[in-house]
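The exercises that follow ask you to read a protein chain from its strands, its helices and its surface. Please look over the sequence and the model before trying each task, and then compare your reasoning with the worked solution.

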Amino acid sequence: MELQHFLHAHKLSLKDVVKENGTVYCYGCTDIINGPAYSCQTCKQSVFVMHKSCAELPLQMQRPAFHPHPLRYNIMKMIVCDRCGDLSACCGSYSCMYCAFNLDIKCATVIFNNENDADKPGHERTTIQHFSHRHQLIRCKLSLPTTELGIRIFNALWKSRKSKCMYCKQELQGSPTFVCLPCQFVVHESCINDMPTRVRSPFHPQHVLVPRHIDTDTSEQVRCCACGKKMRGVSFFCYRCNVDLHVSCAKYRTRAIKHNCHPHHLLHLGKSVIKRTSCNACRKDCSGSFFRCIKCDFNVHPECIPLPTICRRKSGARSTHNMFFSLLPLGRVILHAAPAKRTYKALPSLVQLVASPCTVHALRIKLVR
């Protein structure tokens, strides 16, 4: 049995495809073929193969019970399917000739071959206009490809080649999302709902930051003033100082300390905020938490911050003796303060000391690791 398909110059022959020389993929739905399929016997170098159900779909179809307008076959297109609600990179799909209605090839196959499914209502499209983006956003669910051909098509159609939220930078797979297809702007639904209109950030405490859209079509590269990475999609912006921050960086909660090892305030940051950063004291990577001066790009491990050799007691304390450091094993430091009998513990800031009643004849500080 032969078929002249509108996507190929030669006639296709129906035969069973078995995995003799590796995995064979369908040029319609990109799934693996193992069974009856149409293939080109003329082409030697490039093998054109399609499932029987995919190859028998027409160039144009119309199902008035499902959609009033005619649908036309498209190739290599990112769509949000109006039947299942999935955002997917399609090798083959159908789009309405008069409106924004789309079907991926799997849903089109079901509707074309089953009149009963054509009578069922499809996924109700939800669009919103959000203040963080200039275009309307479509509610969907990201469907990542699982086959080699599907991954190649996704990488060809999706510029960033990443399936991460523009706001929180976390994976999108399986979560309800909102997308702008022309800008390839995609975010979690939960991030959209929780997005503040104004934010104060420790990375720029001088002014309030507001969200703005970053145009990815321009040659200008915008970098985050907190982590230094390139930005796309949306940022929190200070119009006075021309400062941009990632949404995740702007909403990051940290605290500032003042230490005599540096003239400016230091922010205590976690390992997930800024990567590929080295300590200015020991020159080793800051793989864990560290302190950072935003103004000077100064970074230091907590254990590399120099401790004072003498700790003077505040006025009003029970003992007014000065305390001197002596090193102990396992990164501990002990302060001798005879005849005082009180124990202190150092907070992670390495600055403030808090007293607690005890009979130990020392002040012990455990360095933050």
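## Exercise 1: strand E7 and its partners

Strand E6 (residues 71-80) forms an antiparallel pair with E7 that counts nine bridges, where helices (H or I, at least four residues) and strands (E, at least two) are DSSP runs numbered from the N terminus, and where two strands pair if DSSP finds at least two bridges between them. The model is a predicted one, in which local features need pLDDT of at least 70 and side-chain atom pairs count only at pLDDT 80 or more, while totals for chains, interfaces and linings use all residues. Residues are numbered from 1 along each chain as its sequence is written, and side-chain values use heavy atoms, with hydrogens and water left out.

Task: work out which strands pair with E7 besides E6, and in which sense.

Solution.

1. Begin with the E6 pairing, in which tyrosine 73 has tyrosine 94 of E7 as its bridge partner. Five residues lie between the two strands of this hairpin, and glycine 85 has a positive phi near 80° there.
2. Turn next to strand E10 (residues 137-142), which runs parallel to E7 and is joined to it by two bridges. Here aspartate 86 has lysine 141 of E10 as its bridge partner.
3. Finish with strand E8 (residues 102-104), which pairs with E7 in the antiparallel sense over three bridges. Serine 95 is found opposite asparagine 102 of E8, and the hairpin that joins E7 to E8 passes through five residues.

Task: explain why E7 is described as largely enclosed by the rest of the structure.

Solution. Buried means under 20% relative accessible area, exposed over 50%, and partly exposed in between (1.4 Å probe, protein chains only). By that test eleven of the eleven residues of E7 (residues 86-96) are buried, so the strand is largely enclosed by the rest of the structure.

## Exercise 2: the buried face of helix H4

Task: find which residues of helix H4 (residues 148-157) are buried, and say what covers them.

Solution.

1. The buried residues of H4 are Leu149, Gly150, Ile153, Phe154 and Leu157.
2. Viewed down the axis of H4, these buried residues fall within an arc of 135°, so they line one face of the helix; the arc is that of the directions from the helix axis to the C-beta atoms.
3. The spacing follows a general rule: an α-helix has 3.6 residues a turn, so residues three or four places apart point the same way.
4. Among the elements that cover the buried residues of H4 are E6 and E7, a contact being heavy atoms within 4.5 Å.

## Exercise 3: strand E12 and its hairpin

Task: decide whether the two faces of strand E12 (residues 185-188) are covered or open.

Solution.

1. In a regular strand the side chains alternate between the two faces of the sheet.
2. In E12, Phe185 and Val187 lie on one side and Val186 and His188 on the other, and all of them are buried, which leaves both faces covered.
3. Strand E11 (residues 176-180) pairs with E12 in the antiparallel sense over four bridges, and threonine 177 has histidine 188 of E12 as its bridge partner.
4. The hairpin of E11 and E12 has four residues between the strands. Glutamine 184, in the loop between E11 and E12, has a phi near 50°, a positive value in a residue other than glycine, and it is buried, with a relative accessible area of 8%.

## Exercise 4: a nonpolar surface patch

Task: name the residues that make the nonpolar surface patch of about 390 Å², and describe the surroundings of isoleucine 75.

Solution.

1. The patch is made by Phe6, Leu7, Leu59, Ile75 and Met76.
2. Leucine 7 lies in the loop between strand E1 (2-4) and strand E2 (11-17), and at 32% relative accessibility it counts as partly exposed.
3. Methionine 76 has its place in strand E6 and at 38% relative accessibility is also partly exposed, while its phi is near 50°, a positive value in a residue other than glycine.
4. Isoleucine 75 is likewise in strand E6, and it touches Leu7, Cys90 and Cys91 when residues up to four places away in sequence are not counted. Its C-alpha atom is separated by 7.1 Å from that of cysteine 90, 15 residues apart along the chain.
5. For the terms used here, patches are made of residues with over 30% relative accessible area and no salt bridge, like charges being joined within 9 Å and nonpolar side chains (Val, Leu, Ile, Met, Phe, Trp, Tyr) within 5 Å. A salt bridge is a side-chain nitrogen of Lys or Arg within 4 Å of a carboxyl oxygen of Asp or Glu, and accessible areas come from the Shrake-Rupley method with a 1.4 Å probe, only the protein chains shown counting as cover for residues.
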